[in-house]
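Work through the exercises below with the sequence and the coordinates at hand. Each task is followed by a worked solution.

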Amino acid sequence: MAMKDMLNALADENRRNILEKLKEGKISSGDLAQSLGLTPQALSYHLAKLKKADLIYETKYKNFIYYELNLTILDEITMWISSLKGDDKHEG
């Protein structure tokens with residue numbers, strides 16, 4: 001994971017909204033665009049940023065593309081942030 005790409009992806013409100021929607025589960029790009037009020041072109045731009053940051057992944061089924069959260073990378077981000085807060089320090 002490139003930390004720069006991840007932070008850049010999370011900095012945009014539209015991309016955070018996409019991640020929030022994906023918390024509900026796998027969704028097609030068309031349904032995602034409609035639910036967020038984004039044009040297909042705008043959604044495609046934001047999805048590319050999220051994929052580059054490895055925050056989401058896509059699966060293709062017939063003529064549809066579905067998107068899901070990459071929970072593994074989210075766990076890594078959470079651990080990294082926790083380490084900044086000092087949550088992983090041990091007394092000794």
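The exercises concern a predicted model and go from the whole chain to one helix.

**Exercise 1.** State which secondary structure elements the protein chain has, and in what pattern.

*Solution.* Begin with the count: the protein chain has five helices and three strands. Next, place them along the sequence, where the pattern reads α-α-β-α-α-β-β-α.

**Exercise 2.** Describe the extent of the protein chain, its burial and its contacts.

*Solution.* Start with the principal axes: along them, the C-alpha atoms fill a box of roughly 55 × 25 × 20 Å. Then take burial, with under 20% relative accessible area as the cut-off. Of the 92 residues, 27% are buried. Finally, consider contacts with a separation of 6 or more: 50% of them come from residues 24 or more positions apart.

**Exercise 3.** Characterise the surface and the charges of the protein chain.

*Solution.* The exposed area is about 6400 Å², and carbon and sulfur atoms supply 50% of it. For the charges, take the mean position of the 13 positive ones and that of the 14 negative ones; these two points are 7 Å apart.

**Exercise 4.** Examine helix H5: what is its span, and which residues are found at its ends?

*Solution.* H5 covers residues 71-85, which is 15 residues. From first C-alpha to last it reaches 21 Å, close to the 21 Å expected at 1.5 Å a residue. At the N-terminal end, Asn70 acts as the cap, with a side-chain oxygen 3.2 Å from the backbone nitrogen of Thr72. After H5 comes Gly86, with a positive phi near 90 degrees.

Conventions: Residues numbered from 1 in each chain as written. Predicted model: local features only at pLDDT ≥ 70, side-chain atom pairs only at ≥ 80, totals over all residues. Heavy atoms only, no water. Helix = DSSP H or I, 4+ residues; strand = E, 2+ residues; numbered from the N terminus. Expected span 1.5 Å × (residues − 1). Polar contact = N/O pair within 3.5 Å; in protein donor to acceptor, adjacent residues only side chain to side chain. Buried < 20%, exposed > 50% of the residue type's maximum accessible area, 1.4 Å probe, protein only. Contact = heavy atoms within 4.5 Å. Areas by Shrake-Rupley, 256 points an atom, 1.4 Å probe, with all protein chains shown as cover. Lys, Arg positive; Asp, Glu negative; His and termini not counted. Charge placed at Lys NZ, Arg CZ, Asp CG, Glu CD.
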